[in-house]
Amino acid sequence: MTETVSEHAPSTGAADARAADRPTTTTRPTATEPGAAPPGAGTPPGTGRRRVRRLAPGKRLPYARLVGPALLLVIWSLGNVTGTLDPRTLPAPWTVVRTGAHLWTSGTLSTDVTESLWRAAQGFAIGLTVGVVLALVAGLSRIGEAVIDGTVQVNRSVPTLGLIPLFILWLGIGETFKVAIIAIVVYIPIYLNLYSALSGIDHRFVELGEVLRLSRWQFIRQIVIPGALPGFFVGLRLGVTGSWLSLVVLEQINATNGLGYMMFQAQNYGQTDVIVLGLLIYGVFGFASDSVVRVLERRVLSWRRSLNT
């Protein structure tokens with residue numbers, strides 16, 4: 001198809017004036033005309049089509065989180081082999097392993113590990129329950145928010161370990177105050193993250209539930225809980241880590257067993273290998289518990305597409 005505008009021959013009078021004012025065009029091919037060159041023709045191959053960049057980090061690698069700890073272990077071993085690290089300051093990994101095997105066969109290490117796990121489990125269970133209940137009440141009720149949220153924020157601002165002297169006066173110097181301190185350390189991050197997730201649910205979902213005439217329980221089960229689960233798991237991971245962090249301090253106060261007690265006694269006798277052994281066990285427990293929560297999170301939130309999937 002060709003667009004043409006014919007040019008009039010020269011004439012006299014009014015015809016000449018009209019011809020002078022009329023714009024003239026030349027014949028040109030359009031995109032639908034046979035033989036017209038397609039867009040981008042004549043460009044070198046590979047330059048006319050832009051390559052799509054992948055912005056995602058890529059496929060998850062199995063056991064990738066073990067690379068960092070393994071690298072630290074290699075550096076630690078090389079430092080001891082080359083003499084860069086003084087064995088009196090930081091014993092070699094094989095020395096720590098031999099010490100752990102000796103303490104395990106003698107029965108003291110197994111008792112200390114069992115007692116530490118039991119204390120951490122009790123405090124974590126209480127803190128998890130309290131944190132979830134308070135977050136649900138504050139996140140789903142304006143009255144609950146007014147009563148609970150401000151109190152929790154004040155509690156969060158007070159150093160938890162600074163409450164130890166007061167709790168010893170209230171609960172005694174036995175096991176009860178240790179479990180109570182662990183519960184406080186656990187419930188605060190669980191409450192904060194779950195409450196934030198509940199408050200951050202889009203109001204359009206609330207309107208959708210009203211349009212669908214959902215009951216209160218149906219609204220909580222179908223909209224609130226799925227929307228708040230990602231924040232809950234973040235708080236759960238922080239709570240698990242907090243239980244181990246507080247335990248190492250609490251077990252050095254009037255304790256007769258536990259990993260913290262073992263490390264405190266090793267400090268008195270200058271046993272660096274025993275102290276390092278206790279720290280490694282705490283680290284392994286923290287890493288393992290965090291990995292369990294991660295696996296549980298991926299299974300429960302399998303419907304969610306994220307960079308971590």
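**The largest pocket and the helices around it**

Helix α11 contributes more to the lining of the largest pocket than any other element, supplying six residues. This is a predicted model, and the description below starts from that pocket before turning to the chain as a whole.

The largest pocket has a volume of about 450 Å³. Its lining is made up of 15 residues, and those closest to the centre are P69, L73, W76, L280 and V284. Three helices each provide at least two of the lining residues: α2, which spans 67–82, α3, which spans 93–106, and α11, which spans 272–300. In character the lining is nonpolar for 14 residues and polar for one, with no charged residue. A general point applies to how such a space is found: rolling a probe the size of a water molecule over the atoms shows where empty space is left.

The fold that holds this pocket consists of 11 helices and two strands. Along the sequence the order of elements is β-α-β-α-α-α-α-α-α-α-α-α-α, with a helix between the two strands and an unbroken run of helices after the second strand.

Contacts and surface complete the picture. Among contacts in the protein chain with a separation of 6 or more, 70% link residues 24 or more positions apart. The protein chain has 309 residues, and 32% of them count as buried, that is, they have under 20% relative accessible area. The accessible surface of the protein chain comes to about 20,300 Å², and carbon and sulfur atoms account for 64% of that surface.

Terms used
Residues numbered from 1 in each chain as written. Predicted model: local features only at pLDDT ≥ 70, side-chain atom pairs only at ≥ 80, totals over all residues. Heavy atoms only, no water. Helix = DSSP H or I, 4+ residues; strand = E, 2+ residues; numbered from the N terminus. Buried < 20%, exposed > 50% of the residue type's maximum accessible area, 1.4 Å probe, protein only. Contact = heavy atoms within 4.5 Å. Areas by Shrake-Rupley, 256 points an atom, 1.4 Å probe, with all protein chains shown as cover. 1 Å grid on protein atoms, 1.4 Å probe; cavity = no way out; pocket = protein on both sides within 12 Å on 5 of 7 lines; lining within 4 Å. Points joined across faces, edges and corners; volume = space filled by probe spheres on them. Nonpolar A, V, L, I, M, F, W, Y, C, P; charged D, E, K, R; others polar.
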